[in-house]
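Hello,

Here is the structure I promised to pass on to you. Please have a look at it first, and then read on for my notes on what turned up.

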Amino acid sequence: MEPLSPLDQNQLQATVHEALADWTRPGHAGVDLSAQLLLVREELASRLVEDKTYTAWRATFAVLDKTIDQLAEQDEVGAQVLRLRFFEGEITRQVATRLHASPDQVNRWQKSAIANLTAVLMDHELKRRQEYTRLILDGLPTPSYSRLFGLRSLQAEIAEQLLRQDEPLVIALSGIGGIGKTSLADAVARLVAPALVFEQIIWLRAFIDPFAREAAVERSWAQVEEALGQALFGSAVAQGDLGNRLEDALRSSSFLIIIDNLEEKDQTICFLDHVRRLAGPSKFLLTTRSRPTISAPAYFRSIAELDLADATDLLRHQDLATGMNIMAELADKDIEAIYEVTGGNPLALKLVAGLTAVMSLADVLDGLQKSRPGPIEDMYKRIYWKAWQTLSLEAQSLLQAMPLVAETGALPQQLQAISGLTEEVFWPAVHELFARSLLEVRGSVHERRYSIHRLTETFLRTEIIHWPEEGEYAF
Amino acid sequence: MPIPDFHSSISTNLAYWQGLVDRSDDPALPELIPERRNIYRAVEFGLALPETWRSAADLILDLHYFIEHSGNWRSWQILLQRALQKCVGEDGELRLCLLDRSGGYYRQDRDWASSLAAHREEEALARLLAKPDGLAKAYYNLSLLYWRQRQYDEAAENARKALAGFQEIGSAERQMGGAYSILGLIEYGRGYYPDSVRHHLRSVAFFRKTGFSVLLARSLVNLALAQEANGEIPAAMASYEEARSILDGTAYEMDKTRIELSLGSLLFNTDRFDEAEEAYLRAYSPFLKRSGLVYFQGLATNNLGNVYLEQGRLIEAEALLRESLSLWKRANAPLQTANTTGTLGKVLAARGLPEEALACLEQAIAGAEAFPEDGWAKQILQEYQDALTELIRQISAAGRVG
């Protein structure tokens with residue numbers, strides 16, 4: 001589907017006039033407003049279900065016809081003039097006689113009616129575009145970030161690539177854990193939604209199931225495929241039928257499918273193979289920690305670490321959001337030292353800043369410097385250990401139970417049950433973990449859900465609860 | 001090994017979800033839909049520990065209507081298989097229940113071979129454990145499986161064994177209602193409509209006592225279909241009305257769709273085409289279009305196509321019937337394909353396209369002939385043979401005139 005052009009009242013008025021005039025003009029194919037109006041696209045799509053011969057020209061006429069009905073409620077004479085002139089094909093003089101007016105008067109009525117008709121049409125179109133955009137955005141999980149740092153130009157670039165009608169059909173955002181891939185994918189989706197190029201945006205999250213002993217990568221794809229089927233078709237798709245149905249659906253309409261959280265190289269290669277088969281006109285946006293090969297069938301964009309200015313902005317923002325008030329105490333050289341250690345990795349910056357609430361900066365940085373340069377996992381392991389050791393027992397109890405919570409987040413009741421904390425100590429523990437950037441808060445003021453970052457979960461599984469181990473399957 | 005606190009969290013987590021399941025009024029647990037992934041994760045962790053896997057398996061069994069409603073059989077089948085791997089030795093009764101569910105989900109997925117294997121093992125295990133209720137349940141499952149494949153002799157044999165078993169042990173109304181229901185469906189499939197009505201009436205009587213509204217509504221729809229086929233039109237209308245009123249205001253959209261489709265057919269068969277169109281359009285709702293219920297989508301489009309044929313709206317009829325054919329292909333439903341192809345033949349004949357119509361009717365007849373045991377297949381075979389004869393007569397007459 002082509003992007004809808006931005007609405008311009010003068011241009012639309014001229015096209016509306018042309019469309020009306022064309023209706024009774026013999027030998028003309030008719031004016032098609034489907035490039036400008038969502039209302040026409042929807043009319044066309046709904047009628048095509050019953051009548052395969054229905055055309056965009058007829059849909060344009062149907063929309064104008066309905067809008068003239070609505071115009072009649074505020075400008076009865078104008079609506080009548082438009083009907084007589086353009087639907088009945090009467091010339092100005094005939095209309096003038098019928099309405100007991102002069103031809104000049106009829107011309108004035110007609111001009112004003114076309115302007116009013118365009119205004120009514122614009123109003124409906126804008127409302128419908130807003131409704132549709134809201135509907136599309138409803139499919140996205142509530143974001144766990146409140147502002148994007150250092151990624152604005154990349155966001156615009158990826159959005160532009162997605163809105164192109166041709167390649168790239170598959171885009172992959174790659175980068176180390178905690179660099180902001182998920183946030184960027186979410187921000188891109190929110191940027192492209194209002195263009196209404198995509199009928200629907202579907203957000204899926206991939207997992208390597210730690211319980212799967214074999215074919216874990218293929219199972220990870222099977223779960224995503226099933227979730228995609230659920231999102232597209234509702235419920236109940238028989239197993240053998242799913243692949244073909246997905247192909248039919250994604251190839252006949254334009255969807256944006258976002259698959260977040262690919263971790264391993266093999267998994268990324270497997271997913272790329274599958275999504276290439278399903279892409280076009282639907283597009284895929286993947287986030288992955290690995291970049292398989294240069295020749296991988298996707299448009300890869302790496303996410304770089306933040307520069308010092310963006311890192312400072314992020315720290316200030318986080319300081320306000322958590323109410324920690326530590327930035328006032330930090331001099332520029334202190335921020336530079338944090339930046340030096342974390343390398344501009346957003347999650348690491350937030351975790352280190354959280355640590356300074358309970359440790360002196362020197363103690364925080366001690367040991368972390370030794371891990372740079374080195375694998376990013378080593379740095380995270382050290383940061384997480386420091387964080388863990390400085391948490392209260394209650395916060396540890398809660399955090400330790402968090403691997404039981406799915407990526408969609410849990411309600412406080414479940415968290416309280418699995419942590420075994422009483423009401424009095426539960427909420428302080430939640431606050432403590434949130435302030436230390438160890439707990440992500442989602443949802444709205446009406447319902448809050450809590451989850452943890454994938455890296456936090458990895459740390460808990462491997463370092464704290466040691467789960468799963470081979471022996472556990474053997475009983 | 002995981003530290004002990006985490007084991008305790010796994011156990012508490014299972015208890016938390018089990019508590020919510022136990023406290024819910026609606027067995028489909030609509031309020032837990034947003035928690036789908038958390039529940040799945042709870043079971044996944046629970047199945048991994050020796051001290052919690054039984055609780056996890058029990059939770060899977062109690063989530064049956066939740067799983068059925070969500071259509072996530074495939075994901076849950078993975079966990080059922082994991083539970084079955086653990087469930088050996090002294091856990092025979094639990095294994096029986098797990099096999100019952102596993103076979104059922106395979107059946108929902110139209111994986112007949114895996115379903116048969118699960119229910120055969122269920123039957124053998126029930127025998128070994130000397131569990132007459134488990135044995136009757138296994139026969140019931142096997143009868144459903146054969147009925148779904150239109151193998152009515154095997155279905156009837158197992159249904160009779162199931163009924164005898166349930167009667168012998170004095171089973172609850174729900175099991176008895178289920179056994180009579182499947183007997184009624186089999187007789188309907190064979191074209192023995194008075195017997196079908198008799199069985200469905202008994203099924204309805206049992207389900208009335210259970211207080212399980214959706215099962216009663218389903219049973220009433222089956223009764224209505226049999227009553228209609230048996231020429232009891234007012235009684236059939238009354239059964240549909242009662243089923244509709246029972247489901248009114250509930251979230252059982254799939255069952256509501258089924259009622260509208262069946263009611264539409266009754267109206268169609270009594271030449272009330274405008275009312276039939278309204279019922280089918282109610283059935284072909286946004287819910288149905290969005291859903292993966294390909295079989296019902298196929299029915300809705302086929303039936304609407306039939307209405308439009310009767311109303312002379314041939315272009316619309318052709319478009320819908322072609323849509324229906326593509327849906328039947330996906331649903332792997334050969335007899336329905338034959339039926340729709342025959343109707344398409346009639347539409348094409350009415351549109352003055354005799355060659356294409358001829359090909360469709362011949363294809364439909366060949367398709368129906370593949371089901372010699374089936375009552376409905378016999379009906380449509382006769383119908384399309386008559387249509388073919390008439391078309392050939394018209395073509396010959398036109399040839400003579402020409």
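**Chain B as a whole**

A compact globule of 402 residues would have a radius of gyration near 21 Å, and chain B, at 24 Å, agrees with that. Along its principal axes, the C-alpha atoms of chain B fill a box of roughly 90 × 45 × 35 Å. Please keep in mind that this is a predicted model. For chain B the mean pLDDT is 90, with 97% of the residues at 70 or more. The model as a whole scores ipTM 0.71 and pTM 0.72.

As for secondary structure, chain B has 21 helices and 0 strands. Of its 402 residues, 53% count as buried. If you take the contacts in chain B between residues at least 6 apart in sequence, 56% of them join residues at least 24 apart.

**A glycine in chain B**

One residue to click on is G189(B), which is found in helix 10 (residues 173-190) of chain B. Is G189(B) buried or exposed? It has 21 C-beta neighbours inside 10 Å, and 20 are enough, so G189(B) counts as buried. Apart from neighbours within four places in sequence, G189(B) is in contact with W147(B), R150(B), Y152(B), D374(B) and G375(B). For D374(B), the separation from G189(B) is 185 residues in sequence, yet the two C-alpha atoms are 6.1 Å apart in space.

**Chain A: domains and confidence**

Now to chain A, which is divided into domain 1 (9-132), domain 2 (152-302) and domain 3 (308-470). Between the C-alpha centres of domain 1 and domain 2 of chain A there are 41 Å. The mean pLDDT of chain A is 86, and 92% of its residues reach 70 or more. Over residues 469-475 of chain A, however, the pLDDT is below 50, and this stretch has 4 contacts in the model beyond near neighbours in sequence.

**Strand 3 of chain A and its partners**

Which strands does strand 3 of chain A pair with? On one hand there is strand 2 (residues 200-205) of chain A, which runs parallel to strand 3 and is joined to it by 6 bridges. Within that pairing, Q200(A) has F255(A) in strand 3 as its bridge partner. Strand 4 (residues 283-288) of chain A also runs parallel to strand 3, with 5 bridges between them. Here I258(A) stands opposite L285(A) of strand 4.

Strand 3, helix 11 (residues 265-278) and strand 4 of chain A together make a right-handed β-α-β unit. In strand 3 (residues 255-262) of chain A, 8 of the 8 residues are buried, so this strand is largely enclosed by the rest of the structure.

**A leucine in chain A**

The last residue I looked at is L137(A), which is found in helix 6 (residues 103-137) of chain A. There are 13 other C-beta atoms within 10 Å of L137(A), so this leucine is partly exposed. Not counting residues up to four places away in sequence, L137(A) touches R190(A) and A193(A). The C-alpha atom of L137(A) is also separated by 9.2 Å from that of P194(A), 57 residues apart along the chain.

Happy to go through any of this with you.

Best wishes

Key:
Residues are numbered from 1 along each chain as its sequence is written. Chains are lettered from A and ligands numbered from 1 in the order in which they are written. This is a predicted model: local features need pLDDT of at least 70, side-chain atom pairs count only at pLDDT 80 or more; totals for chains, interfaces and linings use all residues. Domain bounds come from an automatic or database domain assignment. pLDDT is the predictor's confidence in each residue, from 0 to 100. Two residues are in contact if their C-beta atoms, placed from the backbone, lie within 7 Å. A residue is buried if 20 or more other C-beta atoms lie within 10 Å of its own, exposed if 12 or fewer, and partly exposed in between; C-beta atoms are placed from the backbone. Helices (H or I, at least four residues) and strands (E, at least two) are DSSP runs, numbered from the N terminus. Two strands pair if DSSP finds at least two bridges between them. A crossover is right-handed if, with the strands pointing away from the viewer, the path from the first strand over the helix to the second runs clockwise. The radius of gyration is taken over C-alpha atoms; the globule rule is 2.2 Å times the number of residues to the power 0.38.
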